[in-house]
Amino acid sequence: MKKVLVTGGAGFIGSHVVEALIRKKYEVAVIDNFSSGRLENISGLPVDLYICDVTDPSVINLVQSIKPDCIIHLAAQISVAKSVADPLADERINVRGSLNVIQAAHQAGASRVVFASSAAVYGEPQDLPVTPEQPAAPESPYGLAKLTVESYLKMFHKFYHLSYSILRFSNVYGPRQDAEGEGGVVSIFADRIRKDTPPMIFGDGNQTRDFIFVRDVASAVVLALEPAESLCVNVSSGAPLSVNQLFSMMKKVSGSPIQPFYGPERDGDIRDSVLSNEAAKTLLHWKPVTSLYDGLGETIGKRQHRKRVAH
Ligand SMILES: NC(=O)c1ccc[n+]([C@@H]2O[C@H](COP(=O)([O-])OP(=O)(O)OC[C@H]3O[C@@H](n4cnc5c(N)ncnc54)[C@H](O)[C@@H]3O)[C@@H](O)[C@H]2O)c1
């Protein structure tokens, strides 16, 4: 049985990845510092849990003692806004922490690192849908950090034959995503629907994004452990959806009567973003299988909402 180490395994995406690995009979170890992850996300699952910060150089010895066959590196600070406000902190966690994990993978003799990169590496898209061949031009420290880690992975491949799978996620949504702070727009809308409070939409709401359900992301991550070659692909739905369309769909799914209100456009927001998932389909033999309707229903917990409204 292959042993897989998941950094950030107690987080939103990480906990779904851990579940998918267990379903596929992998032996699973998790490293997390619980800065945003939660124990309840993985409690009861058969994993070896190590509470450790990936920025601490001792993580290298820890990984050597765990001896994983592969590492899935998800631990990160995930806020673009925080990366702008404090680029040094972002660099420390997202670049230095990642480099510790990559060095650890090399020293521990792991065969591959699967890395959670982001659409943020592209910056303002040149052509839609964005393919992995388009030049990367990040417009935030967060995007730059992700691209830097991608470059380190390519160097470790060149010098040490460490294989990599770089997965550039679009907007991931689903259960367990945090609506507080920097939660994705779906988790914020779901939270407002549950509380019957109108959400604010930035700008006119016609900006488009590419929303992908978290279990579909988890299945791509697991498939990315196995290919013969190193690769870089987008993990996305490939379909644009405007923020207004998203909210209408969430109202339909939940039966909520609330109406949004509109605020000013956010500085630096990209107008339209959709990522091509053709490379992931070809190289990983993966495709997203969850409809938006089902994914949003599961995220909102529609039965709960209907019951509460009825009483
Ligand atoms: N959610 C999205 O839409 C999205 C999109 C693109 C890329 N990503 C990437 O996917 C990965 C997972 O994101 P998520 O949405 O699940 O976020 P999350 O905040 O839920 O998960 C991050 C996990 O990493 C842990 N962590 C953070 N810093 C750490 C550190 N220094 N040492 C050890 N553990 C640490 C947190 O406690 C948490 O469990 C991140 O790398 C993120 O950049 C997410």
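**Stop one: the ligand**

Select the ligand in this predicted model. Its surroundings comprise 28 residues. Turn on side chains for the closest ones: I13, D32, S36, L74 and Y142.

Now show polar contacts. A ligand nitrogen sits 2.9 Å from a polar backbone atom of V54. One ligand oxygen lies 2.9 Å from an N or O atom in the K146 side chain. For V172, look at the backbone: a polar atom there is 2.9 Å from an oxygen of the ligand.

Add a surface. On its own, the ligand exposes 820 Å², and the protein buries 93% of that area. Which elements give two or more residues to the shell around the ligand? Colour helix 1 (12-23), strand 5, helix 5 and strand 7 (171-173). Strand 5 gives the most, with three residues.

Recolour the shell by residue class. You should find 15 nonpolar residues, 10 polar and three charged.

**Stop two: helix 5**

Select residues 141-160, which form helix 5. Place a distance between the C-alpha atoms at its two ends: they are 28 Å apart. Why does that agree with expectation? At 1.5 Å a residue, the 20 residues of this helix should span 28 Å.

Next, pick out the buried positions of helix 5. They are Y142, G143, A145, K146, L147, V149, E150, L153 and F156. Two names return from the ligand: Y142 is among the residues closest to it, and the K146 side chain has an N or O atom 2.9 Å from a ligand oxygen.

What covers the buried residues of helix 5? Show helix 3 (80-85), helix 4 (87-107), strand 5 (112-118) and strand 6 (163-169); the cover includes these.

**Stop three: two positive phi values**

Step just past the end of helix 5 to H161, where phi is positive at about 60°. This residue is in the loop between helix 5 and strand 6. Is H161 buried or exposed? H161 is exposed, at 63% relative accessible area.

Most residues other than glycine have a negative phi. H161 is not a glycine, yet its phi is positive.

Jump to K25 for another case. Its phi is near 70°, again positive in a residue other than glycine. K25 lies in the loop between helix 1 and strand 2 (27-32). With a relative accessibility of 63%, K25 counts as exposed, because the cut-off is over 50%.

**Stop four: a cis peptide bond**

Select L128 and P129. Most peptide bonds are trans. The bond from L128 to P129 is cis, with omega near -10°. P129 is in the loop between strand 5 and helix 5.

Keep L128 on screen and add S273, which touches it. S273 also touches T208, R209 and D210, leaving aside residues up to four places away in sequence. Its location is the loop between strand 13 and helix 9. At 14% relative accessible area, S273 counts as buried, because the cut-off is under 20%.

**Stop five: G268**

Stay with the loop between strand 13 (261-263) and helix 9 (278-284), and select G268. Here the reading is exposed, with 71% relative accessible area. Draw a C-alpha to C-alpha distance from G268 to E139: it is 8.5 Å, across 129 residues of sequence.

**Stop six: strand 10 and helix 7**

Select F211 in strand 10 (residues 211-213). Is F211 buried or exposed? F211 is buried, at 7% relative accessible area. Show what F211 touches beyond four places in sequence: N171, Y173, V185, V186, S237, L241 and L246. Two of these names, N171 and Y173, fall in the range of strand 7 (171-173). Then measure across to G174: the C-alpha atoms of F211 and G174 are 9.8 Å apart, with their positions 37 residues apart along the chain.

Finish on helix 7, residues 214-223. Why call helix 7 largely enclosed by the rest of the structure? Seven of its 10 residues are buried. Highlight them: V214, D216, V217, A218, A220, V221 and V222.

Terms used:
Residues are numbered from 1 along each chain as its sequence is written. This is a predicted model: local features need pLDDT of at least 70, side-chain atom pairs count only at pLDDT 80 or more; totals for chains, interfaces and linings use all residues. Side-chain values use heavy atoms; hydrogens and water are left out. Helices (H or I, at least four residues) and strands (E, at least two) are DSSP runs, numbered from the N terminus. The expected span of a helix is 1.5 Å times one less than its number of residues. Buried means under 20% relative accessible area, exposed over 50%, partly exposed in between (1.4 Å probe, protein chains only). Contact means heavy atoms within 4.5 Å. A residue is near a molecule or strand if one of its heavy atoms lies within 4 Å of it. A polar contact is a pair of N or O atoms within 3.5 Å; within protein, one must be able to donate a hydrogen and the other to accept it, and residues adjacent in sequence count only if both atoms are side-chain atoms. Accessible areas come from the Shrake-Rupley method with a 1.4 Å probe; for residues, only the protein chains shown count as cover. Ala, Val, Leu, Ile, Met, Phe, Trp, Tyr, Cys and Pro count as nonpolar, Asp, Glu, Lys and Arg as charged, and the others, Gly among them, as polar.
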